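Good morning, and thank you for coming. May I ask you to turn to the sequence and the structure on the screen.

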Amino acid sequence: MQNLKNKYGDKALVTGGSSGMGRAFAFELAKQGIEPILIARSKDKLDETANEIFEKHNVKAQVYSVDLSDENAITTFLSQIENEKIGLLIHAAGMENNGGFTKVNPQKELMLIKLNVTATYLLTNHFAKKMTQNKKGGILLISSMAGLMPTPYFSNYAASKAYVHNLGLSLYPELKHKGVDISVLAPGLTETNMVADNGIDWSKLPMSSMKPEKVAKITLSNLGNKATIIPGFMNKMMVAMSKRVFSMKSFSTLQGSLIKKAISDDKL
């Protein structure tokens, strides 16, 4: 594991810090003595996470309850932390909907776009400006394997994560020249609340899951050194096959037939 405190400083902002990947990243940072500033919607879960971090690592975590699907709430939050010396942004908050494209609630899909796309742009733009002025900093965006390949029945989610991946990949050389690291994590199936009860029987798909703690360790070891971080050998193989073995059309058809067998009938 690289020394992130020496590289990026004493404080890091972690979105989605109350659970899942965000929580895992927060604990890994605290282990290195970095103070995480955690944001999510649930104040109670944030407080619980902050207390656990202090008990385990003797590091005080700041918490902010923010709805990242609300542009005004993001702007207000950024003004509140304007004077904080944040050297690392980990944008782990995200949302996933699945089902037939015409069946998913449009309001849920619009909220997904606001959280996965709009919030990603606003936070990345804000911190890229501050970090390039300092000629130092790191940004980690969270995409998904779905953002690297066609994924029927997750169409809007996959499209939103493709935005995240392309944004980070495009910014990699731009920011590197100005002393700022940016990487994009594209995990496969990870054991988080987001996938625990979402109407998909994952046992019917040829995928193996990973613990968020393991994903966080692999990611932070590669932050800034790789533009795209894909943890897990099988995940790397699946992405390679989607691009080199199959045509996009044939892979999309295959992917669709597999997911259709795993998804709840009422979602089709």
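I shall speak about two helix pairs and then about two threonine residues. Please bear in mind throughout that this is a predicted model.

Let me begin with a general remark. Two packed helices are described by the angle between their axes and by the distance between those axes.

The first pair is helix H2, residues 20-31, and helix H8, residues 212-222. Their axes come within 8 Å and cross at roughly 55°. An angle from 35 to 65 degrees falls in the oblique class, and H2 and H8 are therefore oblique to each other. As to handedness, H2 passes H8 in a right-handed crossing.

Which residues make this contact between H2 and H8? On the H2 side they are Gly20, Met21, Ala24, Phe25, Glu28, Leu29 and Lys31. On the H8 side, these meet Pro212, Glu213, Val215, Ala216, Lys217, Thr219 and Leu220. Sorted by class, the residues of this contact comprise eight nonpolar, two polar and four charged.

The second pair is helix H4, residues 71-80, and helix H5, residues 106-134. Here the axes are 10 Å apart, and the packing angle is about 20°. Since angles under 35 degrees count as roughly parallel, H4 and H5 are therefore roughly parallel to each other. The crossing of H4 and H5 is right-handed. From H4, the residues Glu71, Ile74 and Leu78 take part, and they meet Thr118, Ala119, Leu122, Leu123, His126 and Phe127 of H5. The contact of H4 with H5 contains six nonpolar residues, two polar residues and one charged residue.

I remain with H4 for a moment, for Thr76 lies in this helix. Thr76 has a relative accessible area of 45% and is therefore partly exposed. Its C-alpha atom is separated by 9.2 Å from that of Val66, ten residues apart along the chain.

The other threonine is Thr151, which sits in the loop between strand E5, residues 137-142, and helix H6, residues 155-176. Is Thr151 buried or exposed? Its relative accessibility is 11%, so Thr151 counts as buried, the limit being under 20%. What does the side chain of Thr151 reach at 3.1 Å? The partner is the backbone oxygen of Met149. Setting aside neighbours within four places in sequence, Thr151 is in contact with Ala146, Ala158, Gln255 and Ile259.

To close, I return to the two threonines: Thr151 is buried, whereas Thr76 is partly exposed. Thank you for your attention.

Definitions and conventions: Residues numbered from 1 in each chain as written. Predicted model: local features only at pLDDT ≥ 70, side-chain atom pairs only at ≥ 80, totals over all residues. Heavy atoms only, no water. Axes fitted to C-alpha atoms, helices over the stretch in contact; angles between N-to-C directions. Helix = DSSP H or I, 4+ residues; strand = E, 2+ residues; numbered from the N terminus. Parallel < 35°, antiparallel > 145°, perpendicular 65-115°, else oblique. Left-handed = near helix turned anticlockwise from the far one by under 90°. Contact = heavy atoms within 4.5 Å. Nonpolar A, V, L, I, M, F, W, Y, C, P; charged D, E, K, R; others polar. Buried < 20%, exposed > 50% of the residue type's maximum accessible area, 1.4 Å probe, protein only. Polar contact = N/O pair within 3.5 Å; in protein donor to acceptor, adjacent residues only side chain to side chain.
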